[in-house]
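Got the viewer open and a selection box ready? Let's walk through the side chains stop by stop.

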Amino acid sequence: MEKIRIQDDLYNHVNGEKLESLVIPDDKPTAGGFAELNDDVQKLMIDEFTKMSKSGTYPNEYLERACGVFKAAMNAKKKAKAGIKPALRYLAVFKKMGTVRAFNNALEDMVIRRLPLPFNIAVETDMKDTSHHSVYIQGPGVILPDASYYKPEMEAQKNALLGIWSGMAQAILAQTTLTEEEQAQYLADTLAFDALLSQLVKTREEWSEYTKMYNPIKTARVCSMLKPINFKRLLTDLFGFVPEEIIVTEPRYFKAFKTVFNSDNFTLYKHWAFVTGLISSCSLLSEELRELGSSYFRAIAGIPAVTPINKFAYDLASGIYSEPVGVYYGDKYFGEEAKKDITEIVYQIIDMYKERIQNNDFLEDGTKEKAILKLSKIGVKMGYPDKVDPFFDKLVFDEKASLFDIVKTLGAIETKHNLEKLAKPVDRTKWAMPGHMVNACYDPFVNDITFPAAILQAPFYSLKQTRSENLGGIGAVIGHEISHAFDSNGAKCDENGNINNWWTKADNRKFNSKINAMIKQFDKIELPWGTVNGKFIVSENMADNGGMAVTLAIMAKTEGASYEEYFKNWARVWCMKAKPEYQQLLLSVDVHGPAILRANITPRNFEEWYTTFNVKRTDKMYIAPKKRIIIW
């Protein structure tokens, strides 16, 4: 195969041979990149869990309990014996509940036990006063991957996907005690209720503008919107008092709530709750039901095989006991030398960001001061926490119980813990991600970045890589996360994470013009699996752009820097082979752009790309100077 020129396609020039050799596992939608690192960590930790479970020797009580969940999930024989019965007991409330009044009487218990409801309630950081918590409500999810799938222009795809889902639902319902006639009615009612929801709940594109979730409404008005639900009684039962305001994340849905949930539609709701609750329970039941319950997602993501039982068991256990598992992984597999080096890179990037803000040619001095203050207050969490959150002391269970009952018991404990936070101040020391997760994030409402130990390895980062390679890998990703403080969403929050307009009107206009230019740069790009929505992915593209700008500025001051190594490692970290079905799905549900575009479009905005590889006007990786965008 003829080598692709780097000037025409950086991504495939760097990754072409690897992409050819990569084999996507039957139980996964992707291979390479993040998936490869995640598979390595998963394999390592499954081995750890297996050895601990066999020996009965554990480093602490947390890992002992995590292995308890792991062993329960691995026990296929015990799960087969219990069959579907644990889920039917859990969902029996919907068969017994005859009236809305009975629903109100059972509502507190249903919230605690996480039963399917026509709304979801939780306690989260108040976006305008991030030292305190508030009560948030939002609507339920829809059957299809996103509410946008229900639009008229998606009719054919909608019907095809609902057909796949209905086939799965029918096969699961056939294992219940319902008659065939009842099964058909439950399924029809579920689809009817889902159709009501689909017209009102937010699309992923709408959710991507996350500051628009913040809609505080007086509780008396919310109670009126939610009738015939006795919401005031629920608040009193859950919190012991009635908060003055509720944060309504989906005003459109709740303004029309009476058309979704009322006495006439009550049976639709009950049948929807039973069917969707049953399907979501399947992963915790027999191996037959676990495979059946995952068939819809596997079909739309192009995954032929169910996740092997040991991977499923580990993922479940490490998800529930996330922080203790992450601390164990980080303490054992992440060195102090690497932590010191990577932390040095972080502060180097923050300092360069301040310098770039100060020299920025479109912000006024007052806005620059606010931006630099925000950078000065960014919290840095690298590797893993020093200690485990005391909350995990509460996560205890009866090992003799079924896997289903164990997980539901632990879920109820987590729900109660969440609700108890309303009366407590926000804990800014809490980590957003555990140490064994291959990912990173910026929390706009805390103003901090988190880089778990698991992502701090090659090709993102290694002490064995050159500084240029590390800057093109983890350095650009660190810059990416910091840039979220100044993307289309994060720029609306101040140094304490509060939603607060700290921009002058003139600066805001100029900033918005740059946002629109970034939307245009990616919008409507045609790929083999679909069309890119530039608005949906704009915040992530802005972060990529900022991450590259700040690290290229550091490269300019780094002795012996190799821009060739920098750009090649930038492309290397995004290497991903994926099923076409999954690529299509990501376009609708993932706020990140496709890997090939992240690798290929971002560099084209920077002069260093052109001078390093002598990229000319006739090359495919060229864009005219007037179309190049550098925001920070």
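What follows is a tour of aromatic rings, core residues, two helices and some cysteines. Keep in mind that this is a predicted model.

**Stop 1: the rings.** Start by selecting Tyr269 and Trp272. Their rings make a tilted aromatic pair, with 5.9 Å between centres and 40 degrees between planes. Both residues are buried. They sit three residues apart in helix 15 (residues 266–281), which means that about one helical turn separates them. Residues three or four places apart on an α-helix point the same way, because there are 3.6 residues to a turn.

Now widen the selection to Phe94, Phe103, Phe193, Tyr253, Phe254, Phe257, Phe261 and Phe266: together with Tyr269 and Trp272 they form one aromatic cluster. Across the structure the count is 38 aromatic pairs.

**Stop 2: charges over rings.** Show Lys202 with Trp207; the lysine lies over the face of the ring, 4.7 Å from its centre. Then jump to Lys374, which lies over the face of Phe486 at 5.6 Å from the ring centre.

**Stop 3: the core.** Which residues touch the most other members of the largest nonpolar core? In that set of 212 residues, the answer is Phe231 and Tyr269. Centre on Phe231 and, skipping neighbours within four places in sequence, you'll find contacts with Phe119, Ile121, Ile137, Val222, Cys223, Leu226 and Ile246. There is also a second, separate core of nine residues; select Met127, Tyr210, Met213 and Cys493, which are among them.

**Stop 4: two helices.** Pick helix 19 (residues 322–333). Its end C-alpha atoms are 16 Å apart, in agreement with the 16 Å that twelve residues should span at 1.5 Å each. Its buried residues include Pro324, Val327, Tyr328 and Tyr329. Turn on helix 2 (33–55), helix 3 (61–74) and helix 18 (309–320) to see part of what covers them.

Next, try helix 22 (residues 403–420). Here the 18 residues should span 26 Å, and the end C-alpha atoms are indeed 26 Å apart. Colour its buried positions, among them Leu403, Phe404, Ile406, Val407, Leu410 and Asn418.

**Stop 5: cysteines.** How many disulfides does a search of the whole structure find? Zero. Select Cys441 as a case in point: the nearest cysteine sulfur belongs to Cys493 and is 14 Å away, whereas a disulfide needs the sulfurs within 2.5 Å. Cys441 is buried, at 14% relative accessible area. Finish on Cys282, also buried, with a relative accessible area of 1%.

Terms used:
Residues are numbered from 1 along each chain as its sequence is written. This is a predicted model: local features need pLDDT of at least 70, side-chain atom pairs count only at pLDDT 80 or more; totals for chains, interfaces and linings use all residues. Side-chain values use heavy atoms; hydrogens and water are left out. Rings of Phe, Tyr and Trp (its six-membered ring) pair if their centres lie within 6.5 Å; planes under 30 degrees apart count as stacked, over 60 as edge-to-face and the rest as tilted. Helices (H or I, at least four residues) and strands (E, at least two) are DSSP runs, numbered from the N terminus. Buried means under 20% relative accessible area, exposed over 50%, partly exposed in between (1.4 Å probe, protein chains only). A charge sits over a ring if NZ of Lys or CZ of Arg is within 6 Å of the ring centre and within 35 degrees of the ring normal. The expected span of a helix is 1.5 Å times one less than its number of residues. Contact means heavy atoms within 4.5 Å. A nonpolar core is a set of buried Ala, Val, Leu, Ile, Met, Phe, Trp, Tyr and Cys residues joined through side-chain atoms within 4.5 Å.
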